[in-house]
Amino acid sequence: MAIIVRAFENGGYISREESDTLYGKQDYRGFTMPINKTCKAKGWDKCLEPEYGPGEGYRPALGFTIPAEYLAPDGPTSG
């Protein structure tokens, strides 16, 4: 969950490049699934979402965001 911590430290966003430094270069398809599964187990909706560049169809994520409601001072609420 280091990616969540780093995204919080960055104001809710972590770039793919910064994620690569934490996890090594990899194929990010399905990357958010285990993270979001852990969040759902805690009663939260998706806590990490991929950000894509322009276009349609498959394209690599440019980075990952934490929804604004999870950045609130009182933390995430059950969704």
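The largest pocket of this predicted model has a volume of about 170 Å³. Its lining comprises 14 residues, and those closest to the centre of the pocket are Tyr-28, Arg-29, Gly-30, Pro-50 and Tyr-52. Two or more lining residues are contributed by each of the elements α3, β2 and β3.

Two of these elements also take part in the nonpolar interior. The largest nonpolar core contains 14 residues, of which Ile-3, Ile-4, Phe-31, Ile-35, Leu-48, Phe-64 and Ile-66 touch the most other members. Helix α1 (2-9), helix α3 (32-41) and strand β3 (61-65) each give two or more residues to this core, and α1 gives the most, with 3 residues. In soluble globular proteins, nonpolar side chains tend to be buried together.

Helix α1 was examined with regard to its buried side. Ile-3, Ile-4 and Ala-7 are the residues of α1 that are buried. Viewed down the helix axis, these buried residues fall within an arc of 100°, so they line one face of α1. The cover over them includes β1 (13-15), α2, α3 and β3. After α1 comes Gly-11, which has a positive phi, near 80°.

Helix α1 also carries a charged residue, Arg-6, that pairs with acidic partners. The search of the whole structure yields 2 salt bridges. In one, Arg-6 is paired with Glu-9, and the closest N and O atoms lie 3.5 Å apart. Arg-6 and Glu-9 are separated by about one helical turn, because they are 3 residues apart in helix α1. In the other, the side chains of Arg-6 and Glu-18 meet at 2.9 Å, N to O. Arg-6 belongs to helix α1 and Glu-18 to helix α2 (residues 16-23), so this pair ties together parts that are 12 residues apart in sequence. Arg-6, Glu-9 and Glu-18 are thereby linked in a network of salt bridges. The three members vary in accessibility: Arg-6 counts as partly exposed at 27% relative accessibility, Glu-18 is partly exposed with a relative accessible area of 23%, and Glu-9 is exposed at 57%.

Within helix α2, the position of Ser-19 was considered next. Ser-19 counts as buried, because its relative accessibility is 0%, under the 20% limit for burial. Apart from residues up to four places away in sequence, Ser-19 touches Ile-3, Ile-14, Gly-24, Tyr-28, Phe-31 and Phe-64. Among these partners, Ile-3, Phe-31 and Phe-64 are members of the largest nonpolar core.

The surroundings of Phe-64 bring several of the elements together. With neighbours within four places in sequence left aside, Phe-64 is in contact with Ile-3, Gly-12, Tyr-13, Ile-14, Ser-19, Tyr-28, Phe-31, Thr-32, Leu-48, Glu-49, Pro-50 and Glu-51. Tyr-28 and Pro-50, two of these contacts, are also among the residues closest to the centre of the largest pocket.

Helix α3 supplies two further buried positions, Thr-32 and Asn-36. Thr-32 lies in this helix and counts as buried, at 12% relative accessibility. Its contacts, excluding neighbours within four places in sequence, are Leu-48, Pro-50 and Phe-64. Thr-32 and Pro-50 are 18 residues apart in sequence, and their C-alpha atoms are 7.5 Å apart in space. Asn-36, likewise located in helix α3, is buried with a relative accessibility of 7%. Beyond its neighbours within four places in sequence, Asn-36 is in contact with Lys-46, Cys-47 and Leu-48. Leu-48 is thus a contact of Thr-32 and of Asn-36.

Lys-46 is placed in the loop between α3 and β2 (49-52). At 46% relative accessibility, this residue counts as partly exposed. When neighbours within four places in sequence are set aside, Lys-46 is in contact with Asn-36, Pro-67 and Tyr-70. Lys-46 and Tyr-13 are separated by 33 residues in sequence and by 14 Å in space, C-alpha to C-alpha.

Notes. Residues are numbered from 1 along each chain as its sequence is written. This is a predicted model: local features need pLDDT of at least 70, side-chain atom pairs count only at pLDDT 80 or more; totals for chains, interfaces and linings use all residues. Side-chain values use heavy atoms; hydrogens and water are left out. A nonpolar core is a set of buried Ala, Val, Leu, Ile, Met, Phe, Trp, Tyr and Cys residues joined through side-chain atoms within 4.5 Å. Buried means under 20% relative accessible area, exposed over 50%, partly exposed in between (1.4 Å probe, protein chains only). Helices (H or I, at least four residues) and strands (E, at least two) are DSSP runs, numbered from the N terminus. Contact means heavy atoms within 4.5 Å. A salt bridge is a side-chain nitrogen of Lys or Arg within 4 Å of a carboxyl oxygen of Asp or Glu. The arc is that of the directions from the helix axis to the C-beta atoms. On a 1 Å grid over the protein atoms alone, a cavity is a set of points where a 1.4 Å probe fits but cannot get out, and a pocket is an open set with protein on both sides within 12 Å along at least five of seven lines; lining residues have an atom within 4 Å of a point. Grid points are joined across faces, edges and corners, and a volume is the space filled by probe spheres set on the points.
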